[in-house]
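Reader: Thanks for sitting down with me. Could we go through the labels you use and the reasons behind them?

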Amino acid sequence: MTILDGKKVSNQIKDEITAEVQKIKDRGEKVPHLAAIIVGNDGASLTYVASKVKACERVGFESTLIRLPGTTSELELLKKIKELNENDDIDGFIVQLPLPKQIDTQKVLLTVDPDKDVDGFHPTNFGKMALDMTSFIPATPFGILELLERYNVETEGKHTVVIGRSHIVGRPMSILMGRKGFPGNSTVTLTHSHTKNITQITSQADIIITALGNPGFLKAEMVKDDAVIIDVGITRVEDESRPRGYRLEGDVDFENVSKKASFITPVPGGVGPMTIAMLLKNTLLAREMHKAKKDAL
Ligand SMILES: NC(=O)c1ccc[n+]([C@@H]2O[C@H](COP(=O)([O-])OP(=O)(O)OC[C@H]3O[C@@H](n4cnc5c(N)ncnc54)[C@H](OP(=O)(O)O)[C@@H]3O)[C@@H](O)[C@H]2O)c1
């Protein structure tokens, strides 16, 4: 069994990006600039945004964190997004989800300029991805592709089962695994909470990607020998023995499933760090597109 070490691979990617940034600096050009908007005080969201900002510093990007109160109106947030769309200094930005109840998430995502949408959530980017065109691929699925590629995990002709159909993980993952090329060329089954006899489906899978947010959901009896297991789930489970009062758990019963798997991602240290690295990669791409556009003027 091989651990797909997202921490190690994400550090390699960050080193590669750092080297790219150095070349940009050596040419006397402006370094990539990522902005992040966070609305409210959700603990997990604040942690995620803080790690994104830290990752920017690590690779030499400029970063701007915009913190708005939880009472921010939809109109105020849309105005802020339009400002970022028009700010020539910013190459890409993200709006950290989830948003407070008074704000329509779809309206927000539609307002982000697709050329700065480094999360890849705008319908233009999602559509391009589905049509095999160059686009910003949502960072978590992009990170999973990168892990599969760097560990040379065979995907062609394999049966991939994705559990969960969210717009940010499960749905795009199912499209990407079925695309032509590597990683891809898989036969994909997308499952969700209405799927019947899920064990019958998962036990036929060569590759299982779990993205449901249910700790320990995937048990050893649901998995065939030598399956490849990608665990996207991250759930905070109360744990008084930890300094923070909680621990992070994935969707996979790691202890037992790992005994049957050929490759498996741990939680933490698997998909999570890859997500941040791919956000940086998308920002680098945004900066290149932005520069090419400016140079063409
Ligand atoms: N590692 C990372 O960087 C990263 C990034 C994003 C998310 N995550 C984590 O990944 C998990 C999923 O996140 P998400 O945003 O994709 O979740 P989400 O929007 O809550 O979607 C969960 C999906 O799981 C499906 N589901 C729920 N119970 C199920 C069951 N018993 N059997 C089969 N499918 C079931 C739901 O089906 P329905 O559609 O029918 O409701 C839904 O499609 C969470 O733990 C989240 O924290 C991690």
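Reader: What makes the contact of E20 and K23 a salt bridge?

Author: Let me set the value against the cut-off. In this predicted model, the side chains of E20 and K23 come to 3.3 Å, N to O. A salt bridge needs a side-chain nitrogen of Lys or Arg within 4 Å of a carboxyl oxygen of Asp or Glu, so the pair E20 and K23 qualifies. Side chains of opposite charge can pair when their charged atoms come close.

Reader: Where do E20 and K23 lie?

Author: Both are in helix α1 (residues 6-26), three residues apart, which is about one turn of the helix. The structure holds 20 salt bridges.

Reader: Now the ligand. How do you know that R165 makes a polar contact with the ligand?

Author: An N or O atom in the side chain of R165 is 2.7 Å from an oxygen atom of the ligand. The cut-off for a polar contact is 3.5 Å between N or O atoms, so R165 meets it. The side chain of S193 also has an N or O atom at 2.6 Å from a ligand oxygen, and for I234 a backbone N or O atom lies 3.0 Å from one. Both values are within 3.5 Å, so S193 and I234 make polar contacts too. As for cover, the ligand taken alone exposes 930 Å², and the protein buries 69% of that.

Reader: Which residues surround the ligand, and what kinds are they?

Author: There are 22 residues around the ligand, and the closest are R165, S166, S193, I234 and T275. By class, the shell has ten nonpolar, eleven polar and one charged. Helix α10 (residues 271-296) gives the most to it, with three residues.

Reader: What does α10 give to the second largest pocket?

Author: Five residues, the largest share of that pocket's lining. Among the lining residues are K281, N282, L284, L285 and E288, along with D132 and R179. The lining counts five nonpolar, three polar and four charged residues, and the space in the pocket is about 230 Å³.

Reader: Why is the space beside F93 and F121 called a cavity and not a pocket?

Author: Rolling a probe the size of a water molecule over the atoms shows where empty space is left. In a cavity a 1.4 Å probe fits but cannot get out, whereas a pocket is open. The space lined by F93, I94, V95, L109, V112, D117, D119 and F121 is the largest cavity, with about 60 Å³. Strand β4 (residues 92-95) brings three residues, the largest share of the lining, and by class there are six nonpolar, no polar and two charged residues.

Reader: How many cavities of 30 Å³ or more does the search find?

Author: Two, in a search of the whole structure. The second largest has a volume of about 40 Å³, and residues such as L34, K52, C56 and T64 are included in its lining. The elements β2 (33-39), α2 (43-59) and β3 (62-68) each supply at least two residues of that lining.

Reader: What about the backbone: where are the cis peptide bonds from L97 to P98 and from V267 to P268?

Author: The bond from L97 to P98 has omega near 0°, and P98 lies in the loop between β4 and α4 (105-111). For the bond from V267 to P268, omega is near -5°, and P268 lies in the loop between β11 (263-264) and α10.

Terms used: Residues are numbered from 1 along each chain as its sequence is written. This is a predicted model: local features need pLDDT of at least 70, side-chain atom pairs count only at pLDDT 80 or more; totals for chains, interfaces and linings use all residues. Side-chain values use heavy atoms; hydrogens and water are left out. A residue is near a molecule or strand if one of its heavy atoms lies within 4 Å of it. A polar contact is a pair of N or O atoms within 3.5 Å; within protein, one must be able to donate a hydrogen and the other to accept it, and residues adjacent in sequence count only if both atoms are side-chain atoms. Accessible areas come from the Shrake-Rupley method with a 1.4 Å probe; for residues, only the protein chains shown count as cover. Helices (H or I, at least four residues) and strands (E, at least two) are DSSP runs, numbered from the N terminus. Ala, Val, Leu, Ile, Met, Phe, Trp, Tyr, Cys and Pro count as nonpolar, Asp, Glu, Lys and Arg as charged, and the others, Gly among them, as polar. On a 1 Å grid over the protein atoms alone, a cavity is a set of points where a 1.4 Å probe fits but cannot get out, and a pocket is an open set with protein on both sides within 12 Å along at least five of seven lines; lining residues have an atom within 4 Å of a point. Grid points are joined across faces, edges and corners, and a volume is the space filled by probe spheres set on the points.
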